Amino acid sequence: MAFSLLHGVHVPHRKNTRDMAAVRMDAPKTVVIPMSMHIGAPAKPVVKVGDTVKVGTLIAEAGGFVSAPIHASVSGKVTKITDYLLSNGTTVPAVVIESDGEMTPDETIAPPVVDSRDTLLEAIKRSGVVGLGGAGFPTHVKFSVDLGRIEYLVVNCAECEPYVTSDTRTMLDRVDDMKTALVAMKTHFGIRNIVVGIESNKKAAIKSMMGLMNEVVATGECTFTVKVLPSVYPQGGEKVLIYHTVGRVVPVGKLPIDVGCIAVNCTTLAAIGAYLKTGMPLVEKCVTVDGGCVKEPGNVIVPVGTAMSEVFEFCGGLTEAPDKVIYGGPMMGITVPDTSAPILKNTNAILALSKKETKLPKTTPCIRCGRCLNTCPFGLSPAAIARAYDKRDTVALDKLGVQACMECGCCSFVCPANRPLVQTNKLAKVLLKEEKAKEDAKA
Amino acid sequence: MNTQLKLSVSPHIHSGRSTRRIMLDVLIALLPATAAGAVIFGLRSLLVVAVTVAACVGFEALFSLIAKKPIPVGDLSAAVTGLLLALNLPANIPLWQCVVGSLFAIVVVKGLFGGLGANPVNPAITARVFMLVAFATLTKAAFPTIVDTASSATPLAAEKATSLTDLLLGLHGGAIGETCAAALLLGGVYLLVRRVITWHVPVAFIGTVFLTSFIMEGMDATAALAAILSGGLLIGAIFMATDYVTSPATPWGKIIFGLGASLITFLIRYFGSYPEGVSFAILFMNILTPYISSWTRRRIFGMGGSKA
Ligand code: SF4
Ligand code: SF4
């Protein structure tokens, strides 16, 4: 490679569940489906209390362009429409469905007719698929661009977070769904170059992706590369992956499409493929259930809206009271206050971590060891950012480029003084934004 | 099961390496040099070490108490300062001078600037220089070994050369921990292996001193080797110039720091009238560190330019 790789950290892999094929759990008694499981405007409920729904029935339509529709994940009755507190502090409605235990699919479900760019885009929109790598960005929005600008479709198969193996399972068990989506995109979006970026620690998945490559290439007219990358966190960070696979730098504040790329997670692709084949929208999710407190870790296919506690129960329950329960991996995951929190569309793992796993050193003063800045993939100086933030020095913060931070957590992970660097960066970004808004208001 | 769980911002796991562990590693790395000092200069050197370390730790606790700050129990940084300072003192120094030096290091250099991480210059180095100036007559008259041996008992002076073996083993005049090159190198390797330090500062510092001496001594490799094995260069380059707080954090910053320190050492050794080269060089580069740091800041990915 003509360029050097970005920095990062060697995190423990702990991919204990990678050889465990996903098991579908039984219908939960109730599901709580928040209207915001994506970035953008919350969806608007189209059902009322007392309505009967089946698996795949539309229960909420997109609340704007950057939004996504939501479908019932169980068959049963809508019993409540309540308020749901999101982890970012805002409240959205949530549709509560009491399951009849039958999991009857909606009879109107049929594969969509896709024969053009517009019909494919519409199908993706209707599938309710959002970025399943964790971000939850509505997928149809990514492709709502001048298609001529897309030079590379980068398939994110890095799965760099410890513990999480749900993408690995997709690559092993859902190759056909991925192929359907890729072939459709190739045909109707005119995708010419497909690049799969995958970490070297996933031997079986790499083989599987090689097979996918051969099948897709056999359908003609496109290049397909499987790029095996070192297992260095955060390999799956969108901008990191694009740089390491096609060598392009996405400028700060810009999108991948600005450098001719679109990055899509492999499970997102599989979900689109499944919809194209069957017409069943995104109503269930394969999640990795792991962490030191889970009795029988594994990969479980869970209806969206199922409470975490029921999923843990399905995995044999918890062996001890966890210290933290999180959505996603331990590097970027979000803690929940209690295990009644539901599985969301973009949940790829739920972890019940023991005290031992979450042990952090004591927070002490910064000793300027430089570990944070030498590991930051983007070359930021978190220690300097923290000092500037303490002084509320927005000019310095701007110069230090804090807005480029992707909150990957490498800096906090290595800081021997356990400084809250990611947290400070988040706060500093907010401060900068407010400052800019004030300036714009003045001007 | 719905008890309140801990909420926190990511990440939720940690590399496991703490400040305390790093400081402990530095103490471990200094053990060979301490032991060598005890052998070479006698058991009194251990008394100097004990008093200096105890004084540093004590002053830190006392200062925190008076300044109403939490007492930094267990970060071990005061112990590191104490041990480094002691190893830079001669074995026959009056103990009260050790206590005064410790007071200066911990209270004046570290405490008054805001404690751990906030001191602009290295406490042990600064205290050593301070003691050299303050107790000059005393030390010169009674304890000539505190001076940089570069000017008295090493091949750099025009006197008869000490053999390289003696230099490696540390069998010549000097401070407790600075003479035994083998012990210091062993400690340096330990720090490198444990990734407490990187190679940049020591290699740039020691390498450049070697090169300049090689040229100045008329291409005499033995004399150049003698130059790097003597005069507090190794303890300075491996243990003091690599102090996180007072040296740059980026690889290039470290190389500039090492180069600068070696050039100043060279100038003082060959053209200066003052005997202490290495300490002054490091102290001076400490002061330049904030500038070096801002010159060598890493390029931010995606901000200007098309490269990483
Ligand atoms: S890693 Fe932590 S202690 Fe080291 S420089 Fe960064 S903030 Fe300071
Ligand atoms: S500063 Fe931001 S991008 Fe850099 S390591 Fe920290 S969290 Fe990651």
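## Surroundings of ligand 2

Helix 12 (410–414) and helix 13 (421–442) of chain A each contribute at least two residues to the shell around ligand 2. The structure is a predicted model. Ligand 2 occupies the second largest cavity.

The shell comprises 13 residues, of which A:Cys376, A:Cys405, A:Cys408, A:Cys411 and A:Asn425 come nearest to ligand 2. Sorted by class, the shell around ligand 2 contains 10 nonpolar residues, two polar residues and one charged residue.

## Nonpolar cores

The largest nonpolar core consists of 69 residues. Within this core, the residues with the most contacts are B:Leu87, B:Phe205, B:Phe239 and B:Ile282. Helix 1 of chain B provides the largest share of the core, namely eight residues. A second core, separate from the largest one, has 47 residues, among them A:Val130, A:Val145, A:Val155 and A:Ala271.

With residues up to four places away in sequence not counted, B:Leu87 touches B:Leu30, B:Ala33, B:Thr34 and B:Val49. Under that condition, the contacts of B:Leu87 also include B:Ala175, B:Ile176, B:Gly177, B:Glu178 and B:Ile235.

## B:Ser18 and its contacts with chain A

B:Ser18 lies in the segment before helix 1 (19–41) of chain B. Leaving aside residues up to four places away in sequence, B:Ser18 touches A:Pro361 and A:Pro416.

The relative accessible area of B:Ser18 is 17%. B:Ser18 is therefore classed as buried, because the term applies to residues under 20% relative accessible area.

Key. Residues numbered from 1 in each chain as written. Chains lettered and ligands numbered in written order. Predicted model: local features only at pLDDT ≥ 70, side-chain atom pairs only at ≥ 80, totals over all residues. Heavy atoms only, no water. Helix = DSSP H or I, 4+ residues; strand = E, 2+ residues; numbered from the N terminus. Buried < 20%, exposed > 50% of the residue type's maximum accessible area, 1.4 Å probe, protein only. Contact = heavy atoms within 4.5 Å. Near = heavy atom within 4 Å. 1 Å grid on protein atoms, 1.4 Å probe; cavity = no way out; pocket = protein on both sides within 12 Å on 5 of 7 lines; lining within 4 Å. Sits in = over half its atoms within 2 Å of the grid points. Nonpolar A, V, L, I, M, F, W, Y, C, P; charged D, E, K, R; others polar. Core = buried A, V, L, I, M, F, W, Y, C linked by side-chain atoms within 4.5 Å.
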